[in-house]
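Here is a short note to read beside the structure. Keep the sequence open and find each residue as it is named.

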Amino acid sequence: MSKLDVKDLEQYGIEGATSVTYNPSYEKLAKDEAERGECRFSDNNTAMVDTGVFTGRSPKDKYFVKQPPSQEHIAWGDINQPISQEVYEDLFKLTTKQLSGKDLYVVDAFAGASKSSRKSIRFITEIAWQAHFIENMFILPTEEELENFEPDFVLYNACKTSNANYKEQNLNSDVYVAFNIEKGEAIIGGTWYGGEIKKGIFTMMNYWLPLEGKLSMHCSANVGKEGDVCLFFGLSGTGKTTLSTDPNRALIGDDEHGWDDDGVFNFEGGCYAKVIDLDKDSEPEIYNAIRPGALLENVVADENGKVDYSDKSKTENTRVSYPIDHIDNHEPSLSAGHPKNIIFLTADAFGVLPPVSKLTKEQAMYYFLSGYTAKVAGTERGIDEPVATFSACFGEAFLPLHPTVYAKLLGEKIDKHGVNVYLVNTGWTGGPYGVGKRMSIKDTRACINGILNGSINDAEFETLEIFNLQVPKELEGVADNKVLMPKNTWEDKEKYTESLKNLAAMFIENFKRYDNSGSEFDYSVAGPKL
């Protein structure tokens, strides 16, 4: 039974709603998705939706209202763009006009599994599958919690509208994702992509929590049978999801977490996994999670509903959202204690970084702020030069505050809880992309296992030149220990040193952005030296 009436929506500027479906069941959503023609269903009865023109986020269309007091905290720039209160009000009226007079879905949910840190979010949309996505991705309250639910924040999704006046308002396009922190609301228009909802709330958690002295993180997390927690940071393609999925360890979450006085907790109640080239043998957990209740985005299926996961004709960013209980080996509380280990994952396509190195606290701050990986430029003939990618805190696109705010909090927590931090390279060895080969998953797993079982701490270490990283000389499970010091795997040692210096120069150049951040954040001393 609905706990909201159409009249209740008038406080949000929505007039004449014809019906409100409140926190619907999956059965109700599946029925509506089918009747409205919003979704097809696969051969195992999983809902499949197309998100239209936008099959990914639209980062150039994200804005914050520039007003006190939040304007003093936000790091303004290309990522966090300002708009005036007047422009926001125009967009808000456009949003509520679209939602007025419609059959609407309202979902009340929590962001954050920690009761002392979670936020109560109200979502309003006219699209059944978006309500489905929200229920997959956020933490659903109990019936008792719904009785007294008061939202801290309201997100309006009016994806069917668009902003025709964007040029006059000096905006990027007719799409908008706008946040009004003081009013406690966000509005979305012009894009149907589900990830805007997910990352919109993640962005807000990245605003709220650090100001409360709590760390928000773009990472996966798991916990061992002894309660030992490990965090995995890494950009796309580094193995974050694969390496945090471990049959001997329970998954806390795969993407977004907080760290407060009680420990680590998932922001979400579900997972949002890429499914391009999904194979049931190599990623059985994700494959088996795709069942009724899950929601596939932008996949290609035949007339019988059989999905071809290798088909990239719509997008390479095909995805599935599903409740985390679709993963058998997960931590039901979505939380655990303080981390014992933190792993920064990088796929170094230059082939010069070790497969594992132990970091000091200062080095941890440096590599956290750098957020490095290297992507392959392409597989066309003659194009074999990797491209360095730096994304602060391994998630710069979602950070409203200056990256050093998050780095300072991480450093404080490493100190307070005695956390070990490691840099793990899942990229190339024996040479760069096109010459060397990808690090074997067996060797990478051996490095991860050495970290998790503590045996890496018994190893003898040597120092990597220029980067001053501490590298173990041998590790149990590594096929050939010479792989641990990358220079040993290169035929041309001089070429290796040249490549190492080139990468060091890229790190140094990227880190110049922090030169004016104050001496408190002068972690450049922990970086490479030429």
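**Notes on the fold**

1. Start with E396. Leaving aside neighbours within four places in sequence, E396 is in contact with I79, F390, S391 and R513. Contact means heavy atoms within 4.5 Å.

2. A word on the source. This is a predicted model: local features need pLDDT of at least 70, side-chain atom pairs count only at pLDDT 80 or more, and totals for chains, interfaces and linings use all residues. Residues are numbered from 1 along each chain as its sequence is written, and side-chain values use heavy atoms, with hydrogens and water left out.

3. Where does E396 sit? It is found in the loop between β25 (386-390) and α9 (403-417). Helices (H or I, at least four residues) and strands (E, at least two) are DSSP runs, numbered from the N terminus. E396 is buried, with a relative accessible area of 14%. Buried means under 20% relative accessible area, exposed over 50%, and partly exposed in between (1.4 Å probe, protein chains only). The side chains of E396 and R513 share a polar contact of 2.2 Å. A polar contact is a pair of N or O atoms within 3.5 Å; within protein, one must be able to donate a hydrogen and the other to accept it, and residues adjacent in sequence count only if both atoms are side-chain atoms.

4. Now the whole chain. The protein chain has eleven helices and 30 strands. Its radius of gyration is 24 Å, close to the 24 Å that the globule rule gives for 530 residues, so the chain is as compact as a globular protein of that length. That radius is taken over C-alpha atoms, and the rule is 2.2 Å times the number of residues to the power 0.38. Of the 530 residues, 58% count as buried.

5. One open sheet has eight strands, in the order β1-β6-β7-β8-β10-β9-β4-β5, with mixed pairing. Two strands pair if DSSP finds at least two bridges between them. Why do β1 (19-22) and β5 (81-83) each have one side without a neighbour in the sheet? Both stand at the edges with a single partner strand, so one side of each is left free of a neighbour there. Inside the order, β8 (153-158) and β10 (185-189) pair in the parallel sense over five bridges. V154 has E185 in β10 as its bridge partner. Helix α3 packs on this sheet, touching β6 (103-111), β7 (119-125) and β8.

6. A second open sheet has five strands, ordered β2-β3-β17-β20-β16, again with mixed pairing. β16 is joined to β20 (319-323) by five bridges, and the two run antiparallel. G270 stands opposite P323 in β20. Helix α3 (128-137) packs on this sheet too, touching β3 (47-49), β16, β17 (295-297) and β20.

7. Look last at β11 (215-223). Nine of its nine residues are buried, so β11 is largely enclosed by the rest of the structure. In a regular strand the side chains alternate between the two faces of the sheet. Both faces of β11 are covered: L215, M217, C219, A221 and V223 are buried on one side, and S216, H218, S220 and N222 on the other.

8. What pairs with β11? It pairs with β12 (229-234) in the antiparallel sense over five bridges. N222 stands opposite C230 in β12. The two strands form a hairpin with five residues between them, and G227 in the turn has a positive phi of about 85°. β11 also pairs antiparallel with β14 (256-260), over four bridges.

Terms used. Axes fitted to C-alpha atoms, helices over the stretch in contact; angles between N-to-C directions.
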